[in-house]
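This report describes the surroundings of two ligands and the packing of a pair of helices. The sequence and structure are shown first.

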Amino acid sequence: MAILVIAEHNNEALGASTLATLAAAQKIGADVHVLVAGSGSQSVADAAAACEGVVKVLHADNADLEHATAESLASIVKANAEGYTHILAPASTYGKNFMPRIGALLDVQPISDIVSVEDENTFKRPIYAGNAIATVQSNDPVKVITVRGTAFDAVAATGGSAEIASVDASGNISEKSKFESQELTKSERPELTAAKVIISGGRGMGSGENFQMIEEIADKLGAAVGASRAAVDAGFVPNDYQVGQTGKIVAPELYIAVGISGAIQHLAGMKDSKVIVAINKDEEAPIFQIADYGLVADLFKVLPELKEAL
Amino acid sequence: MKILVTVKRVVDYNVKVRVKDDNSGVETANVKMSMNPFCEIAVEEAVRLKEKGVATEIVVASIGPAQAQETLRTALALGADRAVLVKTEENVEPLGVAKILKEVVTKESPDMVIMGKQSIDGDNNQSGQMLAALMDWPQGTFASEVNVADGKIAVTREIDGGLETVGLTLPAVVTTDLRLNEPRFASLPNIMKAKRKPLEEMSPEDLGVDIAPRTQTLKVEAPAQRTAGIKVETVAELVEKLKNEAKVI
Ligand SMILES: Cc1cc2nc3c(=O)[nH]c(=O)nc-3n(C[C@H](O)[C@H](O)[C@H](O)COP(=O)(O)OP(=O)(O)OC[C@H]3O[C@@H](n4cnc5c(N)ncnc54)[C@H](O)[C@@H]3O)c2cc1C
Ligand SMILES: Nc1ncnc2c1ncn2[C@@H]1O[C@H](COP(=O)(O)O)[C@@H](O)[C@H]1O
C-alpha cells in the first residue's frame, strides 16, 4: 500500500500546502510518494525528497509543464496511478482544478477538502459552508482526496532522503488546453493561507484607497491582508484576497475583521482562527457573535489609532 | 453555437442550516430552496453570449427531484430556450452527475457546457471537471471572464495567486466564479413565457447510467461552536488584551 501526494509548487519551491497534505497522508499511513510535475523544477523534487516521511519522488519535468494544465496533470497522474491506494493533493485552486478529473478517469468519487482522517477509508469534511461536518466513508478502491491545509500541521521539510525517479510525461501533454498568461498579485506580505496574523476589510472600507489603512497595520503586524466577497466584488482589492466558503480558508493565530458583517459564507473561511477581533460600527453585526474581542466603532476613527498603538 | 447550462436546486444561501438530531444529515424539510448561486451565474453567462450573437441555443439541465422543475423554469425565465430534467429522488454524487451529463451532452452535442464551480450544499467543486474528463474535453474552471473567438475560448480563472488565462479548443466545459457576471432577475412576462417553453423529463435509467453511490455518509455533526467574547471600549484596551491576555501580538 502506497500513497501518492501531488506537490503544489512554483517550479522553485514546494508550497506550504503540500507539507500539510503530506501530514494527512502520514495519518492515513503507508509509504508516501510525491509527484512533482513542472519545468526546471529540480529544486522542488529535491525539496520533496527531503520532507519527513517521503520515501519516493516521481519527477516529471517537461517544458510544457511550466504552467501545467489540469488536463495534462490528470493524464500524468492516471498514467502513474498503478499501485496507489490514495491520491492526495492540497484543496487549493491548484488541487481542486485537476483532482476531480483524476477521479473521473479512475472511475472513483473524489472526497474534497478533508479536515480529518478517521481511518484509511473514512474522512471528515465540512459541508454547507462549514455549518455541518460530514463523516464520509469511501468504498472505492482508490481514494482521490483534497486536503484542507489549515486542518493539518505541516510535516518537517527536512529529515527525509527519498529516491527521485524521473517520469516521462511527454505523452501526457494536452493539446486542447494551453496556458496563455497570468496576472499574479505581487506582495511582500505572507501568503494568506500561511499567515499567522490576518487583517481583512469588508464593504465598510468604502473604497480601494481606504485599504491603505489596513495595509499599514498589516505592515506593522507582519500580517497578510484579506477581504470579504463584497470588498472584492466592489473592486477594492483583487480576487485572491477573498476569505470564505468559496474563497480561501484561513486559520491564523489572529484574525482582525474590519467593516465585515459576518455572513456565514465569510465565517466559513475564518472561524477556525485562534483569536478573532471584530471592528464594526453596528453592534448587532453577526461577526460579534464569534469574535473574542469586539470593538463597536467607526473604522475610520479606529484604524489610525490602531496604527499608532502598535 | 449551442450551450448547455447545468443548474442545481439547493438550500437557499440565506438559510442557516441545522444538523438533524439523529446526525443523519441536515434539515431540509420546510427550508427555502433556490438555484445554486454559481448556476445562476452560469445561466447569465449563456444568456449574455446569446445576446451577443455568439450562442444560438441554450439548453438547461438539472438532475434532481420533481421540484427541480422550478429551478429549470427559473432558468427558462432568465433566457434559456429549453430544459431537461433527469428525475431522481436519489442524492446523486458528482461522479453520477458527470456520468448523467455525459449522456445528455452526447445527445445534445453542445459546443460549450457552463456549470457552477461549486454547489453550496455539498461544497464539492467536482462535477464540471469530472464531466470534462469523461468527455475528454478541456476545462476552464473558476472563470471570471470568457471570450469566444475562432472556435476557441479564452477563460480567465480566479486562482489562489491572482488570475490565469487558458486557451481551450471547443467543445469545452467552463465553471463559473463569482466575478464572471452579475445575474439579472427574471421579469414577470418572462416568467409567464417560461411556462410554455419545452421541458423534457427522463430518468438516469433511461440514460443507462449507474448512479449507485460510492461513498457513504456515516454521520453529520454540527461544527464546534465559537462563543462571543467580550467587547472592548477603546483601541488601547484592545491592544492591551491582544498583547497580555491573548498573547497574539
Ligand atoms: C455563493 C456565494 C458565495 C459566497 N462566498 C463568499 C466568500 O467566500 N467570502 C465572503 O466574504 N462572502 C461570500 N459571500 C457573500 C456573503 O454572503 C456576504 O454578502 C459578504 O460576506 C458580505 O461582505 P461584507 O461583510 O464586507 O459586507 P456587508 O454585509 O455589507 O457588511 C459591511 C459591514 O461594514 C460595517 N461598516 C460599514 N461602515 C463602517 C464603518 N465606517 N466603520 C465600521 N464598520 C462599518 C457595517 O456595519 C456592516 O456590518 C458569498 C455569497 C454567495 C451567495
Ligand atoms: N444535481 C445536479 N443537477 C444539475 N447540475 C448539477 C448537479 N450537481 C452539480 N451540478 C453542477 O455542477 C456544479 C458543481 O457542483 P459540485 O461538483 O457538486 O460542487 C454545480 O454548480 C452545477 O452547475
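## Ligand sites and helix packing

An oxygen atom of ligand 2 lies 3.0 Å from an N or O atom in the side chain of Asn36(B), a polar contact being a pair of N or O atoms within 3.5 Å; within protein, one must be able to donate a hydrogen and the other to accept it, and residues adjacent in sequence count only if both atoms are side-chain atoms. The model is predicted: local features need pLDDT of at least 70 and side-chain atom pairs count only at pLDDT 80 or more, while totals for chains, interfaces and linings use all residues. Residues are numbered from 1 along each chain as its sequence is written, chains are lettered from A and ligands numbered from 1 in the order in which they are written, and side-chain values use heavy atoms, with hydrogens and water left out.

The table lists polar contacts of both ligands.

| Ligand atom | Protein partner | Distance |
|---|---|---|
| Ligand 2, oxygen | Ser119(B), side chain | 2.4 Å |
| Ligand 2, oxygen | Asn124(B), side chain | 3.2 Å |
| Ligand 1, oxygen | Arg203(A), side chain | 2.6 Å |
| Ligand 1, oxygen | Gln265(A), side chain | 2.8 Å |
| Ligand 1, nitrogen | Leu299(A), backbone | 2.9 Å |

Ligand 1 lies between chains A and B. Its shell holds 29 residues, each with a heavy atom within 4 Å of the ligand; among the nearest are Ser228(A) and Asn280(A). By class, this shell has 11 nonpolar, 13 polar and 5 charged residues, where Ala, Val, Leu, Ile, Met, Phe, Trp, Tyr, Cys and Pro count as nonpolar, Asp, Glu, Lys and Arg as charged, and the others, Gly among them, as polar. At least two residues of the shell come from each of H6 (229-233), H7 (264-270) and H8 (299-309) of chain A and H1 (37-51) of chain B; helices (H or I, at least four residues) and strands (E, at least two) are DSSP runs, numbered from the N terminus.

Around ligand 2 there are 17 residues, with Thr6(B), Ile63(B) and Asn125(B) among the closest. The shell comprises 6 nonpolar, 10 polar and 1 charged residues. Strand E4(B) contributes the most, with 3 residues.

Away from the ligands, helix H4 (93-106) of chain A packs against helix H4 (127-135) of chain B at about 50°, with axes 8 Å apart; axes are lines fitted to C-alpha atoms, for helices over the stretch in contact, and angles run from 0 to 180 degrees between N-to-C directions. H4(A) and H4(B) are therefore oblique to each other, since angles under 35 degrees count as roughly parallel, over 145 as roughly antiparallel, 65 to 115 as roughly perpendicular and the rest as oblique.
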